[in-house]
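This briefing concerns a protein model and a ligand. Please look over the sequence and the structure before reading the points that follow.

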Amino acid sequence: MTTTLDRIAPFKNEVIKNFTDPADAAQMQAAIAAVRNRFNEHYPLVIDGQKIETEKKIRSINPANPDEVVGLTSSASKEQAQEAIAAAARAFESWKKTTPQERASYLFKAAELIRQRRYHYDALLVLEVGKTWPEADGDVAEAIDFLEYYGREMLRYAQPHPVVPIDGEQNEMVYIPLGVGAVIPPWNFAAAIMMGMTAAAIVAGNTVVLKPSSDSAIVAAWFVDLLHEIGLPKGVVNFIPGSGSVIGDLIVSHPQIRFISFTGSKEVGLHINELAAKPQPGQKWIKRVVAEMGGKDSIIVAADADVDAAVEGVAVSAFGFQGQKCSACSRAIVDEKIYDEFLDKLKTRVAKIAVGDPTDPKNYMGPVVNESALKSISEYIEVGKKEGRLVTGGNRVGEKGFFLEPTVIADVDPQARISQEEIFGPVVAIIKAKDFNDAMEIANNTEFGLTGSLYTSDEQKIKRAKEDFFVGNLYFNRKSTGAMVGAHPFGGFNMSGTDSKAGGPDYLLLFMQAKSISRKV
Ligand code: NAD
């Protein structure tokens, strides 16, 4: 394993498979069959390297066919969550003294194994969270990217950091880890975000308890197995699936937890932030909360835009992975001069979207993640029908899986609920703007600030949007989804989070603290 900075290749993003190659497609079909063969398997908790089966289980089901159980994980009790934190605290004493090179080497080894098992991870995401093949592969490719990128980043941070020289002193500044962290990922980038958050924490020298989302606990269990396989010391990553409401608060408020790395909804993120701010008896630090939260992302289509390109960008940003991306376009703000043309073309484009079981590569949209998502999105569609004009979609597809039609609602008021609240499903609100100034004002009128796009051919509008479009990730003449590690450091403003940038050069700093050392000579 080559781990010094001068011997590893520069970071490069994994190439995403397009599955038009019959050999790739055949491998994917075989992997889907292999994962199906593992349905109903049981996955234990892992605390201090010990595998623990509990009587209580969490069932992870296939949202395309809820009768199928992809796997069952054990479910941690409050006592087990406490044991996991204690194990992480013990492991921290030795892990913090390992070299950054050694820690990075585990990330590189993990990346290599996932690369070898790429189709199997892809297939698991198709079956566990309802991703289409390309969406699943994008998620797994991003997971590999995070491992490779953060490994290199740690090696960079391990280099000397220049400080101003002072006569008679030898000065240095080094980055040291924080301690025990709680890693709490969402289900929607079930591989990438879960692995990225875990990898960033441990490569910086911290130890963690990983509490996966119950909707995607099996991919997390696979990853924890893989970390065991590559020989990661016990106690560095402790795996405690469990209900957020049962063990979530306990983990977040535990006095031995030094930081919380959370990605999920605004509501849960704010709750965690509040709880973590209150010091507990025996707690010696102010907890650090890194929270990456929801979005209400807009694509502005200016009068001078290439309308066909904008229609394509809105369609894929709104309906890729059923709109269940924090970066998904949930509002298209369209100049009134091209509004009717845009809507006609969008309707035609959306009619081509095939909805169905994502194991069949012909389908562009699979199911939404679970029954409660189906219900809450359907409720928003009903609200939307009153707040605007239903252009297409609005119905459930079939009766078994959690499938919904791609839904377009036009003539929506900028202050309407479906224009302000995160729906997290295949629903896009179309808002008419008087002109570009009006469009910019509407775009900034939510409490979020995650992603945004502008379609225009006018340099002045681009200049204005660079200054005034208040989002963490701004795109021009392209979709609002699909951020690439390293190229598009990702994270939003306002209620979209604590201003962090995953996959960027500042990210590892969130898991470390700087120590300044001065010696008289
Ligand atoms: P969620 O908030 O429901 O759950 C996120 C995680 O928090 C899960 O693991 C869940 O079990 C856990 N949790 C729930 N209650 C808890 C509690 N009281 N204490 C501790 N943990 C608790 O979100 P979700 O449905 O998994 O994910 C979708 C949300 O995530 C959307 O809002 C989306 O915009 C957001 N998201 C944001 C980003 C980003 O980078 N900003 C990326 C992906 C997803």
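The points below cover the ligand, the enclosed cavities and one residue of a helix.

The model is a predicted one. In it, 28 residues surround the ligand, and the count of cavities of 30 Å³ or more comes to 2.

**The ligand and its surroundings**

- Among the 28 residues around the ligand, those that come nearest are Pro-185, Lys-211, Ser-265, Met-293 and Glu-422.
- The side chain of Lys-211 has an N or O atom 2.8 Å from an oxygen atom of the ligand.
- Ser-265 also takes part through its side chain, where a polar atom lies 2.6 Å from an oxygen atom of the ligand.
- At Met-293 the atom concerned belongs to the backbone: an N or O atom there lies 2.7 Å from a nitrogen atom of the ligand.
- Taken alone, the ligand exposes 850 Å², and the protein buries 87% of that area.
- Helix α8 (244-253), strand β10 (257-263) and helix α9 (266-277) each contribute at least two residues to the shell around the ligand.
- Sorted by class, this shell holds 14 nonpolar, 10 polar and 4 charged residues.

**The largest cavity**

- The largest cavity has a volume of about 100 Å³.
- Its lining consists of 14 residues, and Gly-323, Ala-328, Ser-330, Ile-423 and Phe-424 lie nearest the centre of the cavity.
- By class, the lining of the largest cavity is made up of 6 nonpolar, 4 polar and 4 charged residues.

**The second largest cavity**

- The second largest cavity holds about 30 Å³ of space.
- Tyr-43, Pro-44, Val-46, Ala-221, Val-224, Asp-225 and Phe-239 form its lining.
- Helix α7 (residues 217-229) supplies the largest share of this lining, namely 3 residues.
- In this lining, 6 residues are nonpolar, none is polar and 1 is charged.

**A residue of helix α9**

- Ile-272 is located in helix α9, one of the elements that supply at least two residues of the shell around the ligand.
- Is Ile-272 buried or exposed? Ile-272 counts as buried because its relative accessibility is 4%, and the cut-off for buried is under 20%.
- Ile-272 and Asn-62 are 210 residues apart along the chain, and their C-alpha atoms are separated by 29 Å.

Terms used. Residues numbered from 1 in each chain as written. Predicted model: local features only at pLDDT ≥ 70, side-chain atom pairs only at ≥ 80, totals over all residues. Heavy atoms only, no water. 1 Å grid on protein atoms, 1.4 Å probe; cavity = no way out; pocket = protein on both sides within 12 Å on 5 of 7 lines; lining within 4 Å. Points joined across faces, edges and corners; volume = space filled by probe spheres on them. Nonpolar A, V, L, I, M, F, W, Y, C, P; charged D, E, K, R; others polar. Helix = DSSP H or I, 4+ residues; strand = E, 2+ residues; numbered from the N terminus. Near = heavy atom within 4 Å. Polar contact = N/O pair within 3.5 Å; in protein donor to acceptor, adjacent residues only side chain to side chain. Areas by Shrake-Rupley, 256 points an atom, 1.4 Å probe, with all protein chains shown as cover. Buried < 20%, exposed > 50% of the residue type's maximum accessible area, 1.4 Å probe, protein only.
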